[in-house]
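This briefing concerns a single molecular structure, shown below. It treats selected helix packings and then the metal sites.

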Amino acid sequence: MASSPYTIVVGLEVHVQLLTESKLFCGCSTKFGAPPNTQTCPVCIGMPGVLPVMNRKAFRLALKAAAALHCRIAPFTKWDRKNYYYPDLPKGYQISQYDLPLCREGWLDVPGEDGSADRRIGIIRVHLEEDAGKSLHDEKAGRADSRIDLNRAGTPLLEIVTQPDIRSPAEAKVFLQELKLLLNYLEVSDCNMQEGSLRVDANINLHIPTPSGTVATPIVEVKNMNSFRAVEKALAYEAVRQWETFQETGRKLGEVPKQTRGWDEHAEITRPQRSKEESSDYRYFPEPDLLPITVGEEEIAEVRASLGDLPAELRRSLRQDYGLNAYDADVLVNQGRSTVEYFRRLAAASGDAKAAANWIQQDVLRVLNERQIAITEFPVAPETLGEVLQMVRGGRLDTLKGRQVFAYMLQHGVGPQDAVAALGITEVDDAELQSLCEELLAANPKVVAEVRAGKEKALGSLVGQAKKRNPNVNPARVKQICLERIARM
Ligand code: ZN
Ligand code: MN
């Protein structure tokens, strides 16, 4: 980064669909995938004379997101009409929020690269608005015409606008991942990009130091990115394109107005699109059919109290309270709140947080994946699995046998003691093991000398002999006893 001749400056505009049953201003269903134009009514197809009524649940979800993004929530907020003509917008305007948005001035911390410190990305504003319908261009089906599906018209959207605080394409991707995780935790949105419930536009330009001061290239708004990976690729492409254009045309570039470009997924380039309207072109004015909304301190406090543990705090807690490394904490938190809860209970039951994290990642998650179930449906309670971990920890089982016991429990739905018995695993009495080790050490002075000379590996032959004498011994425990005895010899 230090050697780069420019700084990349990115701000994102994210639209997410809220997880409500019904639309923002009417009772129509928001369910995805229904046949075209089956989820519409006179309100959302824009018949004259009908009146919108605000969906309280949507407003509540927006408040949750705003609180979690550390925003200042406006005590008084109102609706505005954003006027433009497009075939998928039957009313000829979108009900949105213009000068008095639901909230302003928040932030979201995103994990730094390779475990470095978090980076704080500012949020300019968050507001509620309704979605438009969808144009269906079916060239593949041999149709030259376009058709309109209004099922999506009137679906509640949350628009989140960041400060231009993002400094790399990779950071844009990490921000989006973190935002998605947060909104998933809050159950505000599923943020499913394939179904269009999260859409991103990105503003990007370069700040280039020159002998006569910093020059900023014209801001380009990049659209049409269909995955987080596409956002990263499009921004990387756009940074290079702007740098090359700057080198060709020099400072004259500064006079070019803001452009809009679309990401072409197949060609992996951005192409110019029609220029964006200025906000004055939309002729915003207050929506006359809806009352402004007042939000009391009490309601805000209640929403804040209802947020529960959020990803950033959970990561911190897993590292500080449980001593996990950044990677393990990340994997568990990314799995969702229930996995973190399972981990906490398993760590408590086993008395070993690191082992609990390993078992969840290597064993539990694998089974969930194989069976395609959620952790809340996992048949082994953390307290029960904790008993197995205790046995491994206390040396009664080695890790391999612990896994066999776990697999048996899963397959037969029995507890750890029954699994141990059914598998014929006999526990070896520690006193018995002590005398066995004593015997082996006495019979192998060469090994003892090698270990003393620093070659701990030499113990391998003793472990092998011990296993031959009694297949139930725990190799790790044999090693441990031998080392202790050699130290005392
Ligand atoms: Zn409707
Ligand atoms: Mn918008």
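In this predicted model, the axes of helix α12 (residues 430-443) and helix α14 (residues 459-469) come within 11 Å and cross at roughly 130°. Helix α12 also packs with helix α15 (residues 475-488), at an angle of about 60° and with the axes 10 Å apart. Two metal ions are described as well: a zinc ion (ligand 1) held by cysteine sulfur atoms, and a manganese ion (ligand 2) held by one histidine and two glutamates.

**Helix α12 with helix α14**

- With a crossing angle of roughly 130°, α12 and α14 are therefore oblique to each other.
- The crossing of α12 past α14 is right-handed.
- On the α12 side, the contact is formed by Leu-436, Glu-439, Leu-440 and Leu-441, and on the α14 side by Leu-462, Gln-465, Ala-466 and Arg-469.
- Sorted by class, the residues of this contact comprise 5 nonpolar, 1 polar and 2 charged.

**Helix α12 with helix α15**

- The angle of about 60° between the two helices makes α12 oblique to α15.
- Here, too, α12 makes a right-handed crossing, in this case past α15.
- Helix α12 contributes Asp-430, Leu-433, Gln-434, Cys-437, Glu-438 and Leu-441 to the contact, while α15 contributes Arg-477, Val-478, Ile-481, Cys-482, Arg-485 and Ile-486.
- The contact of α12 with α15 divides into 7 nonpolar, 1 polar and 4 charged residues.
- Leu-441 of α12 takes part in the contact with α14 and also in the contact with α15.

**Helix α7 with helix α8**

- Helix α7 (residues 337-350) packs against helix α8 (residues 353-371) at an angle of about 130°, and their axes lie 8 Å apart.
- Helices α7 and α8 are therefore oblique to each other, and α7 passes α8 in a right-handed crossing.
- The residues in contact are Thr-339, Tyr-342, Phe-343, Leu-346, Ala-347 and Ser-350 from α7, together with Ala-353, Ala-356, Ala-357, Ile-360 and Val-364 from α8.
- This contact of α7 with α8 contains 9 nonpolar and 2 polar residues, and no charged residues.

**Zinc site**

- The SG atoms of Cys-26, Cys-28, Cys-41 and Cys-44 coordinate the zinc ion (ligand 1) at 2.3 to 2.4 Å.
- The arrangement is tetrahedral because the 4 donor atoms subtend angles of 100 to 116° around the zinc ion (ligand 1).
- Along the chain, the zinc donors are spaced as C-x1-C-x12-C-x2-C.
- Cys-28 and Cys-44, which are 16 residues apart, both lie in the loop between β1 (7-17) and α1 (56-68).

**Manganese site**

- The manganese ion (ligand 2) is coordinated at 2.0 to 2.2 Å by His-15 through NE2, and by Glu-129 and Glu-159 through OE atoms.
- The spacing of the manganese donors along the chain is H-x113-E-x29-E.
- His-15 belongs to strand β1 and Glu-129 to strand β7 (residues 119-130), so this pair ties together parts that are 114 residues apart in sequence.

How values were computed. Residues numbered from 1 in each chain as written. Chains lettered and ligands numbered in written order. Predicted model: local features only at pLDDT ≥ 70, side-chain atom pairs only at ≥ 80, totals over all residues. Heavy atoms only, no water. Axes fitted to C-alpha atoms, helices over the stretch in contact; angles between N-to-C directions. Helix = DSSP H or I, 4+ residues; strand = E, 2+ residues; numbered from the N terminus. Parallel < 35°, antiparallel > 145°, perpendicular 65-115°, else oblique. Left-handed = near helix turned anticlockwise from the far one by under 90°. Contact = heavy atoms within 4.5 Å. Nonpolar A, V, L, I, M, F, W, Y, C, P; charged D, E, K, R; others polar. Donors = N, O, S within 2.8 Å, 3.2 Å for Na, K, Ca; no water. Tetrahedral: all angles 85-135°; square planar, octahedral: opposite > 155°, others 65-115°.
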